[in-house]
Amino acid sequence: MDGLFGRERRALGPGAVHVPDWLDLPGQRRLADACRGWVRDGPGLRTVTLPGGGVMSVRSVCLGWHWLPYRYSRTRDDQDGGAVPPVPSWLADLGRAALAATGHPDAQAYRPDVAVVNFYDGDARMGLHQDREERSPAPVVSLSVGRACLFRLGSAGHRGRPWTDVELYSGDLVVFGGASRLAFHGVPRLLDDPGPPGTGLRSGRLNVTLRESGLDGP
């Protein structure tokens, strides 16, 4: 991102932190290349249909556990039924490093076993929702690569105001845990900034979220 003023780390709520420019350009490139490989080696990006019939505008791929509205599965039940590949150790290490960067006291104990990769392009957006399929109260680690977006964080009690809005650019980190772990959050819109050259993305935005499921068994 270009600009006259640097962006500062910001608390978005209790237990929620935004760290601008946390992931350097080689790290962004590695993440984008890995996401491309996960898509290529499986049945591809999927479009999720919600129980009410609505279709999400983002497309996704999952590691560790496959997210379905509103549960997890070890198999890609809405695609080819195949087994979900595990979260690679380097990505779990990245999650621990990200958590440590926010000063979280339990960063080294973090064991993310779910990665949900969402790809935004065109007019894609994400409505306000809670990440509540996990049994673990461990924080969610969110990394952005590519096109900038507006990120909105609300409260855990309802979808309405007050909200905290923040612009996320390529390389930005958001962590939300504690009292904000079940906060409603979403992406109302993408911004015009396409991201820096060299990320490996021709267009669009990748968002990788890491979570501890707290789930056992197959």
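Leaving aside neighbours within four places in sequence, with which residues is Val141 in contact? In this predicted model, the contacts of Val141 include Gly95, Ala98, Leu99 and Tyr110. The list continues with Leu173, Val174 and Val175, and is completed by Val208, Thr209 and Leu210.

Val141 is a good place to start a tour of the interior. The largest nonpolar core holds 29 residues, and Leu91 and Val141 are the members that touch the most others. Two or more residues come from each of several elements, among them the helices H1 (25-40) and H2 (89-101). The strands that contribute on this scale are S2 (16-19), S4 (55-63), S7 (114-120), S9 (140-146), S12 (173-176) and S14 (205-211). Helix H1 gives the most to this core, with five residues. A second core, separate from this one, comprises 26 residues, including Val58, Val114, Leu153 and Leu168.

The strands themselves are best followed through the sheet they build. Eight strands form an open sheet with antiparallel pairing, in the order S1-S2-S12-S9-S14-S7-S4-S3. The edges are taken by S1 and S3 (46-49), each of which has a single partner strand, so one side of each is left without a neighbour in the sheet. From one strand to the next, the twist averages 25°. Within the sheet, S9 and S14 are paired in the antiparallel sense over six bridges. Gly146 stands opposite Arg205, a residue of S14. Helix H2 lies across S4, S7, S9, S12 and S14, and runs at about 105° to S9.

Charged side chains add another layer to the picture. Side chains of opposite charge can pair when their charged atoms come close. Across the whole structure, 14 salt bridges are found. One of them joins the side chains of Arg7 and Asp21, with an N to O distance of 3.0 Å. Arg7 belongs to the segment before strand S1 (10-13), whereas Asp21 sits in the loop between S2 and H1, so this pair ties together parts that are 14 residues apart in sequence. Both partners are partly exposed: Arg7 has a relative accessibility of 24%, and the relative accessible area of Asp21 is 47%.

A second example is found within helix H1. Here Asp33 and Arg36 form a salt bridge in which the closest N and O atoms are 3.1 Å apart. Because the two residues are three apart in H1, about one helical turn separates Asp33 from Arg36. Asp33 counts as partly exposed, at 34% relative accessibility, and so does Arg36, at 36%.

What about the pair formed by Arg211 and Asp131: are these residues buried or exposed? Both are buried. Their salt bridge has its closest N and O atoms 3.6 Å apart. Arg211 lies in strand S14 and Asp131 in the loop between S8 (126-129) and S9, so the bridge ties together parts that are 80 residues apart in sequence. Arg211 and Asp131 also belong to a network of salt bridges that links them with Glu134 and Arg181.

Strand S14 thus appears in several parts of this account. S14 gives two or more residues to the largest nonpolar core, pairs with S9 in the sheet, is crossed by helix H2, and carries Arg211 of the buried salt bridge pair.

Key: Residues are numbered from 1 along each chain as its sequence is written. This is a predicted model: local features need pLDDT of at least 70, side-chain atom pairs count only at pLDDT 80 or more; totals for chains, interfaces and linings use all residues. Side-chain values use heavy atoms; hydrogens and water are left out. A nonpolar core is a set of buried Ala, Val, Leu, Ile, Met, Phe, Trp, Tyr and Cys residues joined through side-chain atoms within 4.5 Å. Buried means under 20% relative accessible area, exposed over 50%, partly exposed in between (1.4 Å probe, protein chains only). Helices (H or I, at least four residues) and strands (E, at least two) are DSSP runs, numbered from the N terminus. Contact means heavy atoms within 4.5 Å. A salt bridge is a side-chain nitrogen of Lys or Arg within 4 Å of a carboxyl oxygen of Asp or Glu. Two strands pair if DSSP finds at least two bridges between them. Axes are lines fitted to C-alpha atoms, for helices over the stretch in contact, and angles run from 0 to 180 degrees between N-to-C directions.
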